[in-house]
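Please take me through this model stop by stop. Tell me what to select next and what is there.

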Amino acid sequence: MFKKDTDQLLDELKIEPDVKNFIAANQSEFTSPLHEYLQKLLDKKNLSKLEVIQQLNFDKKHAYHIFAGTKKPSRQKLLAIARAMNLNFDDTQYLLRYAGFGSLYPRDPYDAVIISAIDHNLTLAETDRNLGECKFFCVSDFETGVLTH
């Protein structure tokens with residue numbers, strides 16, 4: 001994917017006195033926008049946006065804006081998208097980091113439920129049920145961001 005590893009890129013950045021030169025010399029080393037990466041995942045999984053968005057339990061217009069790149073998703077919305085796409089653990093972790101969010105952390109009880117859902121190949125609806133049973137708000141319930149029991 002990239003010619004340089006992250007450490008090499010960081011070393012070059014630290015010694016380059018002019019950041020504009022660094023950016024110009026390393027255009028191919030930067031990540032593309034999140035919506036382009038989401039499209040790559042859709043293509044890889046042979047899914048359509050509609051198939052994924054239909055599973056999400058938040059505003060469909062907002063979801064389309066995320067896929068178009070006009071809205072930035074929250075970490076929870078991105079996790080809902082990852083479950084709707086049935087991403088494995090490594091792909092979910094990479095997606096979170098790609099979007100600038102923290103990775104799933106097994107010492108966090110909310111994240112532990114998500115990790116378990118991924119490992120047991122649960123659907124988004126099943127993941128939401130498990131979260132609710134553990135007294136957490138569902139990954140696809142973001143209008144309020146609180147448990148709705």
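**Start just after H6**

Select Asn-86. Just after H6, this residue has a positive phi of about 55°. Keep in mind that the model is predicted.

**Step back to the whole chain**

Now show the full chain as a cartoon. Count nine helices and zero strands. Read along the sequence, the pattern is α-α-α-α-α-α-α-α-α. Along the principal axes, the C-alpha atoms fill a box of roughly 55 × 35 × 25 Å.

Switch on the surface. The chain exposes about 8,900 Å², and carbon and sulfur atoms supply 53% of that area. Of the 149 residues, 38% count as buried. Turn to contacts between residues at least 6 apart in sequence: 51% of them join residues at least 24 apart.

**Select H6**

Next, select helix H6, residues 75-84. How many of its ten residues are buried? Nine are, which leaves H6 mostly covered. The buried ones are Arg-75, Lys-77, Leu-78, Leu-79, Ala-80, Ile-81, Ala-82, Arg-83 and Ala-84. Charged side chains are on that list too, among them Arg-75, Lys-77 and Arg-83.

Now show what surrounds the helix. The buried residues of H6 pack against H3, H4, H5, H7, H8 and H9.

**Zoom in on Ile-81**

Stay in H6 and pick Ile-81. Why does Ile-81 count as buried? Its relative accessible area is 0%, and the cut-off for buried is under 20%.

Display its neighbours. Leaving out residues up to four places away in sequence, Ile-81 touches Leu-38, Val-52, Leu-56, Ile-66 and Phe-67.

Then draw a distance from Ile-81 to Asn-26. The two are 55 residues apart in sequence, and their C-alpha atoms are 30 Å apart in space.

**Widen to the core**

Ile-81 also belongs to the largest nonpolar core, which has 33 residues. Select Leu-38, Leu-56, Ile-81, Leu-95, Ile-114 and Val-139: these members touch the most other members. Colour by helix next. H3 (34-45), H4 (49-53), H5 (60-68), H6, H7 (89-98), H8 and H9 (124-133) each supply at least two residues of the core. Which helix gives the largest share? H6 does, with six residues.

**Move to Asp-111**

Select Asp-111 in helix H8, which spans residues 109-119. Is this side chain's residue buried or exposed? Asp-111 counts as buried because its relative accessibility is 5%, against a cut-off of under 20%.

Show its contacts beyond four places in sequence. They are Arg-75, Ser-103, Leu-104 and Tyr-105. Arg-75 is familiar from the earlier stop: it is one of the buried residues of H6.

**Finish on the surface**

Leave the interior and select Leu-10, Leu-13, Val-19, Ile-23 and Phe-30. Together they make a nonpolar surface patch of about 380 Å². Two helices give two or more residues to this patch: H1 (6-15) and H2 (19-25).

Last pick: Val-19, in helix H2. Val-19 is partly exposed, with a relative accessible area of 45%. That value is over the 30% needed for a patch residue. Put Val-19 and Ile-81 side by side to end the tour: Val-19 is at 45%, whereas Ile-81 is at 0%.

Key
Residues are numbered from 1 along each chain as its sequence is written. This is a predicted model: local features need pLDDT of at least 70, side-chain atom pairs count only at pLDDT 80 or more; totals for chains, interfaces and linings use all residues. Side-chain values use heavy atoms; hydrogens and water are left out. Patches are made of residues with over 30% relative accessible area and no salt bridge: like charges are joined within 9 Å, nonpolar side chains (Val, Leu, Ile, Met, Phe, Trp, Tyr) within 5 Å. Accessible areas come from the Shrake-Rupley method with a 1.4 Å probe; for residues, only the protein chains shown count as cover. A salt bridge is a side-chain nitrogen of Lys or Arg within 4 Å of a carboxyl oxygen of Asp or Glu. Helices (H or I, at least four residues) and strands (E, at least two) are DSSP runs, numbered from the N terminus. Buried means under 20% relative accessible area, exposed over 50%, partly exposed in between (1.4 Å probe, protein chains only). Contact means heavy atoms within 4.5 Å. A nonpolar core is a set of buried Ala, Val, Leu, Ile, Met, Phe, Trp, Tyr and Cys residues joined through side-chain atoms within 4.5 Å.
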